[in-house]
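Subject: Structure handover and notes

Dear colleague,

I am passing on the structure we spoke about, and my notes on it follow below. Please read them with the model open beside you.

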Amino acid sequence: MRWPRHVASLLLTVVLLTGPPILLVRAVGWPSVDSPRVALWQWVRDPLTEQNLILLLVVLAWLLWAFVAYLVTAATATRVWAGVRWLRRLPLPTPWQATATGVAGTAALTIATPTTPTPDASHPGTTTSTTNTDHDTVEQADTADGVAVPGGWLPRDVAEQVSAAAGLVWLRRRRAYRPTRPHRHTEDAEDLAPLPATVAAIQAATGSRPPPPAPAPAASLPPIGFPPAGVGLTGPGALDAARGLLITALLAAMRQHTIELVMTRCAVDMLLGPAAPHLRPAAGLRIVDTAAHATTLPVPDSTPALSHGADGGRRVLILDEPPPGSPATGGVTTVVLTAWPHATTWHVETDGHTHGSDTATAGPRVCVLDAVSTTDLLTVTGHLHPPTPDTPTQPQPQVRVPRPTAPHHDTIRPDKRMRVRVLGEPALLIDGTALTVRRTAARQALVFLAVHPDGVDSHLMAEALWPGLPGQRLTGRLYTTLSELRTAARTTGLPIIDRTGDRYRLHPDHVDVDLWHLLTAVDHAAATLTDPSIAWQAVVNAYTGDLAAGHTWAWLDPHRETTRRHVLDAYAALATAAPDPRQAFAYLQDAIRVDPYNADLHQQALRILTDLGEHAAAAELTDRYTRRLATAGLTPEGTLIRGGT
């Protein structure tokens, strides 16, 4: 609360304004001179007399008080004038509006008060709104209409498509992974690199609030707000709007392969800059030389009309110059990166708001992205070649998942040990009893510290927990979050968090984490040379579920996939070493339950079934796997073995 400081400041100001005059008047009287000319002559003739020195000090004291009074008066006048200007700009209601508002407010309170349930603080399953509300997620920079991220703004449906595409990236990585002998170098794999920062910010924003009750179709073209025929773009946000259209069209093409985006090479250079040479013409994207060439490409007859109806766009053209003639029709939306005399021209602001060329007609708000955020999202859609070390598109350091070393717990007293469970549903347990950690951010911080046993810098931790938010907001949030963890563990009398400088970690002498036992088992299995089956089985036994099961934090996927791969490696090693093919198939079945999207595990299981002559079971396994991939939006890589073929 800040009012005590305000009161103290007011009292100090009053003392400074009234105290010195009272003391001066009581001590030496009012500042008056009966004969100023005589007093001045006496001071010039003999300035160092006691009377003249006292008079000089009194004059200086009054001048100092006058200066302080002037400063206080000027500051007060400035604040009063600012308040008057604010009141003058405040739209006051008319008498009818005030009356209607008062009646409506009274009716709302009268109706809502009896039916609003009051949380019972004594009931263990209920909490008040202030306790249950997680301010760290409510203040995300998103609304029901869109999501703001560093470098742009996306409509809500586009942001949700980005999150879905990011999930597909990890499913593809899971599908393509080939389990090997258990080892601790899995974290160095290229396909475990975290997704770009823009994607993490979008995932955090879309995951912080429930989806809208009626989301827009995922593959709607033209994007909401764009005319079906075409439009020219001008203004400071023209290129950003074109980049937003680029991402929106490619996201739609990922879901409906009959949708196509056509761009001229000059437009690609204008939108992507240094990353333009790495744009990959692939499914849903074609790059041509000129605008005339783009407009003469035939639209396939098999392209169905989309959710906007028979006139909905089935192909999007992004051109650097107006094409010859009028805008194309028949399922083509043309966007020109300059004014277009033969079509509507929009002036686009940097925040995505549009209006007509006459600046009087307001238009819709469209998706806007800068070059960096667009490049980040193109890595998710799969249309950007990874840069080689000789020709980097951006000087960004490659982030890798750290390889933590599980701390030893030889000095921990079992009766004082706090246990942290992160494999499965995260929980903080003391004597087997789960403690209540109310803040969502505190539970997330607990898991984050568990996967970083060696500790992590506070700045990196805050950026991971709240991606996309301004840095000045993160320090206070992190301190509040860690304070919640300390409060939850206060009953033990032992610190749960160890801080060294600006680095935090779970206290290794007081905390035991199930993930650390799994990592220790993996290290032991990797180092065992004779009869390693027992060590591999220990890895399997230590795995009790996915890391932070049920949570979708943006930073979690690399760590979750790393942990999952350790277990898949152990199952694959057990299956390879099993003398009985049926026992090997049982191990593979258990591994498939851990990761039902992995193609290599299914291939191995199908080979065993084929060798055993179980062709019907092999066909059933293949069909089940194909349906699972199709449901997730994936297709099988290569050709799966089907019943002996």
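In which helix is the place of Val59? Val59 belongs to helix H3, which covers residues 50–89. With a relative accessibility of 38%, Val59 counts as partly exposed, and together with Leu55, Leu56, Leu57, Leu60 and Leu63 it makes a nonpolar surface patch of about 550 Å². Please keep in mind throughout that this is a predicted model, and that the values below are computed from it.

As for the chain overall, the protein has 21 helices and 18 strands, and buried residues make up 43% of its 645 residues. Of the contacts between residues at least 6 apart in sequence, 68% join residues at least 24 apart. The chain exposes about 34300 Å², of which carbon and sulfur atoms supply 60%.

Strands

Three strands form an open sheet in the order E15-E17-E16, with antiparallel pairing. E15 and E16 stand at the edges and each has a single partner strand, so one side of each is left without a neighbour in the sheet. Strand E17 (residues 503–506) has a covered face, made of Tyr504 and Leu506, and an uncovered one, made of Arg503 and Arg505. On the covered face, Tyr504 stands opposite Val456, a pairing that belongs with the two bridges joining E15 (residues 456–457) to E17, while Leu506 stands opposite Ile497. Four bridges connect E16 (residues 497–500) with E17, and Thr500 has Arg503 as its bridge partner. The hairpin of E16 and E17 has two residues between the strands, and in it Gly501 takes a positive phi near 65°.

Strand E12 (residues 418–421) also has two faces, since its side chains alternate: Met418 and Val420 point to one face and are buried, whereas Arg419 and Arg421 point to the other and are not. E12 pairs in the antiparallel sense with strand E13 (residues 427–430) over four bridges, with Ile430 as the bridge partner of Met418, and it runs parallel to strand E18 (residues 511–513), to which three bridges join it. In E18, Val513 stands opposite Val420. The hairpin of E12 and E13 has five residues between the strands, and there Gly424 takes a positive phi near 105°.

Helix H17

In helix H17 (residues 533–542), the residues Ala535, Trp536, Val539 and Val540 are buried. Seen down the axis of H17, these buried residues fall within an arc of 145°, so they line one face of the helix. On the other side of H17, Ile534 and Asn541 are exposed. Helix H16 (514–527) and helix H18 (556–577) are among the elements that cover the buried residues of H17.

Salt bridges

The structure holds 15 salt bridges. In one of them, the side chains of Arg315 and Glu260 meet at 2.5 Å, N to O. Arg315 lies in strand E6 (residues 315–319) and Glu260 in strand E4 (residues 260–264), so the pair ties together parts that are 55 residues apart in sequence. Both partners fall under the 20% limit for buried residues, since Arg315 has a relative accessibility of 3% and Glu260 one of 16%.

Another salt bridge is formed by the side chains of Arg564 and Asp546, at 3.5 Å, N to O. The pair links distant parts of the chain, with Arg564 in helix H18 and Asp546 in the loop between H17 and H18, 18 residues apart. Arg564 is buried, with a relative accessible area of 3%, whereas Asp546, at 26% relative accessibility, counts as partly exposed.

Within helix H18, the side chains of Glu561 and Arg565 meet in a salt bridge as well, at 3.0 Å, N to O. Being four residues apart in the helix, Glu561 and Arg565 are separated by about one helical turn. Glu561 is buried with a relative accessible area of 2%, and Arg565 is buried with one of 0%. Salt bridges that share partners join Asp191, Asp546, Glu561, Arg564 and Arg565 into one network.

End of the chain

Lastly, Gly633 lies in the segment after helix H21 (615–632), and at 51% relative accessibility it counts as exposed. The C-alpha atoms of Gly633 and Ala165 are separated by 9.7 Å, although these residues are 468 apart along the chain.

With best regards

Terms used: Residues numbered from 1 in each chain as written. Predicted model: local features only at pLDDT ≥ 70, side-chain atom pairs only at ≥ 80, totals over all residues. Heavy atoms only, no water. Patch = residues over 30% accessible without salt bridge, like charges linked within 9 Å, V, L, I, M, F, W, Y side chains within 5 Å. Areas by Shrake-Rupley, 256 points an atom, 1.4 Å probe, with all protein chains shown as cover. Salt bridge = Lys/Arg side-chain N within 4 Å of Asp/Glu carboxyl O. Buried < 20%, exposed > 50% of the residue type's maximum accessible area, 1.4 Å probe, protein only. Arc of directions from axis to C-beta. Contact = heavy atoms within 4.5 Å. Pairing = 2+ DSSP bridges.
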